[in-house]
Amino acid sequence: MFHFKKSACLKCAVELGIPDVISNHGKPITLSDLISVLPIQPSKSAHIFCLMRFLANSGFFVENPQGYALTSAGQLLLKDEAFNVRAHIFLSCDPALLKPWNLLTEWFQNDGPSPFDIAYGNNLWDYSAREVRFGNMFNEAMASDNQSSVEVLMTKCKFVFEGLTTFADVGGGTGKVAQNFPSIKCTVYDLAHVVANQEGAENLEFLAGDMFHSVPRANAILLKVTKDILSLNSDFL
């Protein structure tokens, strides 16, 4: 029942900059040294030990006689790490995304299409377009996810794109994937508010539309689904 505490503590640690402080220290950092540089009220200093102990038990930090250090999972919390999960932590812990989970009973008992619709009267995409703060957070998380996809595509699956002259990246956001294929004419297809301020290039076009209605013509279509987020918009499983 209390697994939510791990997400809340992880978000807190990232917001306080704890992973970056440990990394920048260059060696394991003592609790007193860590507390001395954190942006917290002095009266709350004693509670940092509980936070660190909890997250060390969760596998993000390791405590040794010299102090606290990052684990491999903890490295994913660093601001300057190319592949990090910070944006996903902020999104998954956001009250706007948590609210639908508290409405599952109501969703089961009426004909609403999804818990998200029950909470806000529209779907995830419309809500993201209307609520700029949430929309920016959602887009940042998807862009972060795309970064890891680029790494896999470029190192493990680049052969899949051999011989293509065109491809469409459906839900491609800012075009992180498409930018890695300068010899292929790429179309990044996403909702209007996502691509509104994106600039294309000679081989890169941003096109607004709804993938549930149509997708652009191309030799190949690239589509990636983040199920944990989308589940609130369709069903909760």
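Colleague: In which helix does valine 21 lie?

Modeller: This is a predicted model, and in it valine 21 belongs to helix H2, residues 18–25. Leaving out residues up to four places away in sequence, valine 21 touches Ile29, Leu34, Val37 and Leu38.

Colleague: How far is valine 21 from asparagine 122, C-alpha to C-alpha?

Modeller: The two C-alpha atoms are separated by 41 Å, and the residues are 101 places apart along the chain.

Colleague: Let us turn to helix H1. Is leucine 10 buried or exposed?

Modeller: Residues under 20% relative accessible area are called buried. Leucine 10 is buried because its relative accessibility is 10%. This residue lies in helix H1, which spans residues 4–16.

Colleague: Which residues does leucine 10 touch, not counting those up to four places away in sequence?

Modeller: Leucine 10 touches Leu55, Phe60, Leu77 and Ile89. By contrast, proline 182 is 38 Å from leucine 10 between C-alpha atoms, with their positions 172 residues apart in sequence.

Colleague: How should I read the packing of H1 against helix H4, and what is the angle?

Modeller: In general, a packed pair of helices is described by the angle between the two axes and by the distance between those axes. Here H1 and H4, the latter covering residues 45–57, pack at an angle of about 120°, with their axes 10 Å apart. The crossing of H1 past H4 is left-handed.

Colleague: Which residues of H1 and H4 meet?

Modeller: From H1 come Lys5, Lys6, Cys9, Leu10, Cys12, Ala13 and Leu16, and they meet Ile48, Leu51, Phe54 and Leu55 of H4. The residues of this contact divide into 9 nonpolar, no polar and 2 charged.

Colleague: Next, the interior. Which residues touch the most other members in the largest nonpolar core?

Modeller: That core holds 32 residues, and Leu91, Phe134 and Phe167 touch the most other members. Among the elements that give two or more residues to the core are helix H6 (86–92), helix H11 (132–155), strand E4 and strand E5 (204–208). H11 supplies the largest share, 7 residues.

Colleague: What does phenylalanine 134 touch, not counting residues up to four places away in sequence?

Modeller: The contacts of phenylalanine 134 are Leu91, Asp94, Ala96, Leu97, Leu124, Tyr127 and Ser128. Apart from the largest core lies another core, of 23 residues, including Ile48, Phe60, Phe61 and Leu70.

Colleague: Now the sheet. What is the order of its strands?

Modeller: The sheet is open and has 4 strands in the order E5-E4-E3-E6, with parallel pairing. Strands E5 and E6 (220–223) stand at the edges; each has a single partner strand, so one side of each lacks a neighbour in the sheet. From one strand to the next, the twist averages 20°.

Colleague: How many bridges join E3 to E4?

Modeller: Strand E3, residues 166–170, is joined to E4 by 5 bridges, and the two run parallel. Threonine 166 stands opposite lysine 185 in E4.

Colleague: Where is threonine 187 found, and is this residue buried or exposed?

Modeller: Threonine 187 is in strand E4, residues 185–190. Threonine 187 counts as buried because its relative accessible area is 11%. Setting aside neighbours within four places in sequence, threonine 187 is in contact with Phe167, Ala168, Asp169, Glu205, Leu207 and Pro216.

How values were computed: Residues are numbered from 1 along each chain as its sequence is written. This is a predicted model: local features need pLDDT of at least 70, side-chain atom pairs count only at pLDDT 80 or more; totals for chains, interfaces and linings use all residues. Side-chain values use heavy atoms; hydrogens and water are left out. Buried means under 20% relative accessible area, exposed over 50%, partly exposed in between (1.4 Å probe, protein chains only). Contact means heavy atoms within 4.5 Å. A nonpolar core is a set of buried Ala, Val, Leu, Ile, Met, Phe, Trp, Tyr and Cys residues joined through side-chain atoms within 4.5 Å. Two strands pair if DSSP finds at least two bridges between them. Axes are lines fitted to C-alpha atoms, for helices over the stretch in contact, and angles run from 0 to 180 degrees between N-to-C directions. A crossing is left-handed if the near helix is turned anticlockwise from the far one by less than a right angle, and right-handed if clockwise. Ala, Val, Leu, Ile, Met, Phe, Trp, Tyr, Cys and Pro count as nonpolar, Asp, Glu, Lys and Arg as charged, and the others, Gly among them, as polar.
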